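Biologist: Got a minute to go through this one with me? I'd like to start with the overall layout and then pick at single residues.

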Amino acid sequence: MVALQIRDVPEPLRDQLVALARQRGQSLQSFLFDLIRDEARRQDNIAVLKQFSPGTWDVAFTSQEVVVALDDERAERDSVLGGSEIGQ
């Protein structure tokens, strides 16, 4: 494993981090390791989510266009069925 060192941490910040670590029943080192690991994991999640961002799958529909298309299809279905299923 690699050792990391952070310099010039103000004492009030260090004290606050120590208090947070104690609340979780952890040493400062364990607490900070968890913070760093969780931050790295979040960045991995962001990268995955970006793969599913608009346009990735060659879909160029806006949410409004989807709503309009659904409303149109529902209206057509209701006309074929003789009215809305709800409330009958």
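Modeller: Sure, here is a walk through the fold, the helices, a pocket and a few residues.

Modeller: Keep in mind that this is a predicted model.

Biologist: Fine. How many helices and strands does the protein have?

Modeller: There are 3 helices and 0 strands. Going along the sequence, the pattern reads α-α-α.

Biologist: And what percentage of the residues is buried?

Modeller: Of the 88 residues in the protein, 7% are buried. The accessible surface adds up to about 8200 Å², and carbon and sulfur atoms account for 57% of that.

Biologist: Let's take H1. What span should its 13 residues have, and what do the end C-alpha atoms give?

Modeller: Helix H1 covers residues 11-23, and at 1.5 Å a residue it should span 18 Å. The end C-alpha atoms are 18 Å apart, so the two agree.

Biologist: Which residues of H1 are buried?

Modeller: Leu17, Val18 and Ala21 are the buried residues of H1. They sit on the same side of H1, because they cover an arc of only 100° around the axis.

Biologist: Remind me why spacing like that works in a helix?

Modeller: An α-helix has 3.6 residues a turn, so residues three or four places apart point the same way.

Biologist: What do those buried residues of H1 pack against?

Modeller: Helix H2, residues 28-51, is what they pack against. On the face of H1 turned away from the buried side you find the exposed residues Pro12, Arg22 and Gln23.

Biologist: Zoom in on alanine 21, then. Is it buried or exposed?

Modeller: Alanine 21 has a relative accessible area of 1%, which is under the 20% cut-off, so it counts as buried.

Biologist: What is alanine 21 in contact with, leaving aside neighbours within four places in sequence?

Modeller: Gln26, Ser27, Leu28 and Phe31 are its contacts on that count. There's also a pair worth a look: the C-alpha atoms of alanine 21 and leucine 32 are 8.2 Å apart, with their positions 11 residues apart in sequence.

Biologist: Where does leucine 32 sit, and how exposed is leucine 32?

Modeller: Leucine 32 is in helix H2. Its relative accessible area is 27%, so leucine 32 is partly exposed. From leucine 32 to valine 18 is 9.5 Å, C-alpha to C-alpha, and the two are 14 residues apart in sequence.

Biologist: Switching to pockets. How much space lies in the largest pocket?

Modeller: The largest pocket holds about 590 Å³. It is lined by 16 residues, and the closest to its centre are Leu4, Gln29, Leu32, Phe33 and Ile36.

Biologist: Which elements give two or more residues to that lining?

Modeller: Those are H1 and H2. H2 provides the largest share of the lining, with 6 residues.

Biologist: Back to H1 for a second. What about arginine 14, which residues does it touch beyond four places in sequence?

Modeller: Arginine 14, also found in helix H1, is in contact with Val9 and Leu28. Arginine 14 and leucine 28 are 14 residues apart in sequence, and their C-alpha atoms are 9.0 Å apart. With 37% relative accessibility, arginine 14 counts as partly exposed.

Biologist: Any odd backbone angles? Which residue has a positive phi although it is not a glycine?

Modeller: That's aspartate 8, with a phi of about 60°. Aspartate 8 lies in the segment before H1. At 76% relative accessibility, it counts as exposed.

Biologist: And what about the glycines, where do positive phi values turn up?

Modeller: Glycine 25, just after H1, has a positive phi of about 70°. Glycine 82 follows H3, and its phi is positive too, near 90°.

Biologist: Last one: how does the span of H3 compare with what it should be?

Modeller: Helix H3 runs over residues 63-81, and its 19 residues should span 27 Å at 1.5 Å a residue. The C-alpha atoms at its ends are 27 Å apart, which agrees.

Terms used. Residues are numbered from 1 along each chain as its sequence is written. This is a predicted model: local features need pLDDT of at least 70, side-chain atom pairs count only at pLDDT 80 or more; totals for chains, interfaces and linings use all residues. Side-chain values use heavy atoms; hydrogens and water are left out. Helices (H or I, at least four residues) and strands (E, at least two) are DSSP runs, numbered from the N terminus. Buried means under 20% relative accessible area, exposed over 50%, partly exposed in between (1.4 Å probe, protein chains only). Accessible areas come from the Shrake-Rupley method with a 1.4 Å probe; for residues, only the protein chains shown count as cover. The expected span of a helix is 1.5 Å times one less than its number of residues. The arc is that of the directions from the helix axis to the C-beta atoms. Contact means heavy atoms within 4.5 Å. On a 1 Å grid over the protein atoms alone, a cavity is a set of points where a 1.4 Å probe fits but cannot get out, and a pocket is an open set with protein on both sides within 12 Å along at least five of seven lines; lining residues have an atom within 4 Å of a point. Grid points are joined across faces, edges and corners, and a volume is the space filled by probe spheres set on the points.
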